[in-house]
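Here is a short tour for a reader new to this chain. Keep the model in view and follow the text from one element to the next.

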Amino acid sequence: MDKHHQHLLLQHHQHLHHHQKLSLAKSSRQSCSEWIFRDVPSDITIEVNGGNFALHKFPLVSRSGRIRRIVAEHRDSDISKVELLNLPGGAEIFELAAKFCYGINFEITSSNVAQLFCVSDYLEMTEEYSKDNLASRTEEYLESIVCKNLEMCVEVLKQSENLLPLADELNIISRCIDAIASKACAEQIASSFSRLEYSSSGRLHMSRQAKSSDGGDWWIEDLSVLRIDFYQRVMNAMKCRGVRPESIGASLVSYAERELTRRSETGHHEHEQTIVETIVALLPVEKLVVPISFLFGLLRRAVMLDTSVSSRLDLERRIGSQLDMATLDDLLIPSFRHAGDTLFEIDTVHRILVNFSQQGGDDSEDEESVFECDSPHSPSQSAMFKVAKLVDSYLAEIAPDANLDLAKFLLIAEALPLHARTLHDGLYRAIDLYLKVTCFKKCFTILVLLILMFGLCSQVHQGLSDSDKKKLSKLIDFQKLSQEAGAHAAQNERLPLQSIVQVLYFEQLKLRSSLCSSYSDEEAKPKQHQQQQSWRINSGALSAAMSPKDNYASLRRENRELKLELARLRMRLNDLEKEHICMKRDMHRSHSRKFMSSFSKKMGKLSFFGHSSSRGSSSPSKQSFRTDSKVMDRTCASTD
């Protein structure tokens, strides 16, 4: 919009404002002419917010100390016009005050009592100047009518929003707040007593219907219309009066849903930030009084609005105390930082997990005692198992994030104690997904190398190193993998060689243990019909109708096959090392097309998802072709 249009728009607004003032003054004169003394000429004009009231001095000075003092100060000049600046309620409320001075009846209601109370203080319409003056009348109505009714108190508080700070100085707000708290507490007590019933044994107890109903909490929706500072004072007053924490929590949920939804549409971020911080400060200290989904919703808003650190830490602590009730969608908190950051708030979730693991712990205790299974302050085993499954699902969800580095992945994976997971299938799945992403990065890097035709391998991101993969693999207890996960891990080329050997070794131990148990069963029950058993490892399966002798022979064949597979893996590793050495030598000698052809042929022999050549950093061993049990024992020993 150019300056000319802005100037025209400003003139239009000024014209409308002037027209409204003239209309107000005209309506004020017309309304005054209906109730003032028509046969007595006016001797004073009162101006309020652009409206002029042609009145008489005597009725005004007999009730208003302020007007009496103004007239007395200008007795010599015989003042005929007085302007009342900043009069509470404006011209409409002054007209009611002027009617009161003339003795004309009008109705005091909850929608005008706050303004009348304030204007009576402004005009000094107290008992000092006249008996039963406006101040005492409004005081009586406020005390005997408004404070007995919760809805009226809420209405008065709404009307008082435009009367600050005078309404607060006159204790209008504090009296309404105390009345609301007292009324809500009394309603709650009455509701509880009405639902008491006698059992068959003659004892009083709360009926089931009362436990599931809201009882005396009908006021929750009424309080949702208050501004945040008034609402905060009401909630604090209710806490002091002993209103149930569940009722406080339900009111906070209702208020937050209404205000935050409305503020988001208007875009008032600063006020929305104040609402979130106030709601967090008002949350009861008791657990489970608000849904955990509501706490996560507040935390998302707190992260998005960048609220105070104390508010976010308080929410994280509350969430951590009941994390076993959360879902995966709850944990996926979007990150609102710069573009190079992760998609989700990793650090926030880590702090929540730490709060969960250490809940109830004393700072004076040792770190080991905080994570002790049998500690009375630590989470229950069932809660720990639930959270462990939740964390594994969370890791699998964030694993494909290209900006997720290894340190943050390990931070989440290691946040729970070792005893939290009874089954490591979920953790293995998450680590495998993370390795897939890094393998994709490695493939992309190799393609870039083919295009550039330069030996700049050290300057290009190569994905995870061998040591990083070992760090990830150490998180998995391969003895806690299911049969299906173990079979997958035994053929997973993304895992380090030592991890694959571990999987095969533990699978062999399981087979031996099962075989021993089957032999003991045969000795205990030699005459019973032998039960059919099926054993599955990798792609091989044993027949269910075999005799024990055949079973043993088949197991020995499987054992030999495993050893041969291990030997083939080591041979393949040696081949990869040799190819890598040759490639480096060629890249240093020549950059010609002949080198490009040789390089392409050799790259074709490598699998993008095969083992990294850095895996076997030592020189190829002549003993790698051994297929007896010494190979297995030596490899397992090196892994440990």
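## A sheet and its surroundings

Strands E1 and E3 pair in the parallel sense, and three bridges link them. This is a predicted model. Two facing pairs can be picked out between these strands. Ile 46 stands opposite Val 82 in E3. Thr 45 stands opposite Lys 81 in E3.

E1 also pairs with E2. Strand E1 covers residues 44-48, and five bridges join it to E2 in an antiparallel run. Among the partners, Ile 44 is matched with Leu 55 in E2. Glu 47 has Asn 52 as its bridge partner in E2.

The table sets these partners side by side.

| Residue | Partner | Strand of the partner |
|---|---|---|
| Ile 44 | Leu 55 | E2 |
| Thr 45 | Lys 81 | E3 |
| Ile 46 | Val 82 | E3 |
| Glu 47 | Asn 52 | E2 |

Together, the three strands form an open sheet in the order E2-E1-E3, with mixed pairing. E2 and E3 (81-83) are the edge strands, since each pairs on one side only. From one strand to the next, the twist averages 20°. Helix H4 (residues 90-102) packs on this sheet and touches E1 and E2. The direction of H4 makes about 10° with that of E2.

How many of the five residues of E1 are buried? Four are, so E1 is largely enclosed by the rest of the structure.

E2 spans residues 51-55, and its side chains alternate. Gly 51, Phe 53 and Leu 55 point to one face and are buried. Asn 52 and Ala 54 point to the other face and are not buried. Leu 55, on the buried face, is the residue that bridges to Ile 44. Asn 52, on the other face, is the bridge partner of Glu 47.

The hairpin of E1 and E2 has two residues between the strands. There, Asn 49 takes a positive phi near 50°.

## Backbone details in the loops

Other loops hold residues with notable backbone angles. Glu 124 is not a glycine, yet its phi is positive, at about 60°. Glu 124 sits in the loop between helix H5 (113-122) and helix H6 (134-144). Is Glu 124 buried or partly exposed? Its relative accessibility is 21%, so Glu 124 counts as partly exposed. The cut-off for buried is under 20%.

Asn 171 is another residue other than glycine with a positive phi, here near 65°. Asn 171 lies in the loop between H8 and helix H9 (172-194). With a relative accessible area of 43%, Asn 171 is partly exposed.

On the other side of H8 comes a cis peptide bond. The bond runs from Leu 164 to Pro 165, with omega near 0°. Pro 165 is found in the loop between helix H7 (150-160) and helix H8 (166-169).

## Two helices

Helix H14 covers residues 269-282. Does its length match or miss the expected span? At 1.5 Å a residue, its 14 residues should span 20 Å. The end C-alpha atoms are 20 Å apart, which agrees. The buried residues in H14 include Glu 272, Ile 275, Val 276 and Thr 278. Ile 279, Val 280 and Leu 282 in H14 are buried too.

Helix H23 runs over residues 466-474. Its buried residues are Asp 466, Asp 468, Lys 469, Leu 472 and Ser 473. They cover an arc of only 160° around the axis, so they lie on the same side of H23.

## The chain as a whole

Now step back from the single elements. The chain has 28 helices and seven strands. It holds 640 residues, of which 43% count as buried. Among contacts with a separation of 6 or more, 69% come from residues 24 or more positions apart. The accessible surface of the chain comes to about 35500 Å². Carbon and sulfur atoms account for 52% of that surface.

How values were computed:
Residues are numbered from 1 along each chain as its sequence is written. This is a predicted model: local features need pLDDT of at least 70, side-chain atom pairs count only at pLDDT 80 or more; totals for chains, interfaces and linings use all residues. Side-chain values use heavy atoms; hydrogens and water are left out. Buried means under 20% relative accessible area, exposed over 50%, partly exposed in between (1.4 Å probe, protein chains only). Two strands pair if DSSP finds at least two bridges between them. The expected span of a helix is 1.5 Å times one less than its number of residues. The arc is that of the directions from the helix axis to the C-beta atoms. Axes are lines fitted to C-alpha atoms, for helices over the stretch in contact, and angles run from 0 to 180 degrees between N-to-C directions. Contact means heavy atoms within 4.5 Å. Accessible areas come from the Shrake-Rupley method with a 1.4 Å probe; for residues, only the protein chains shown count as cover.
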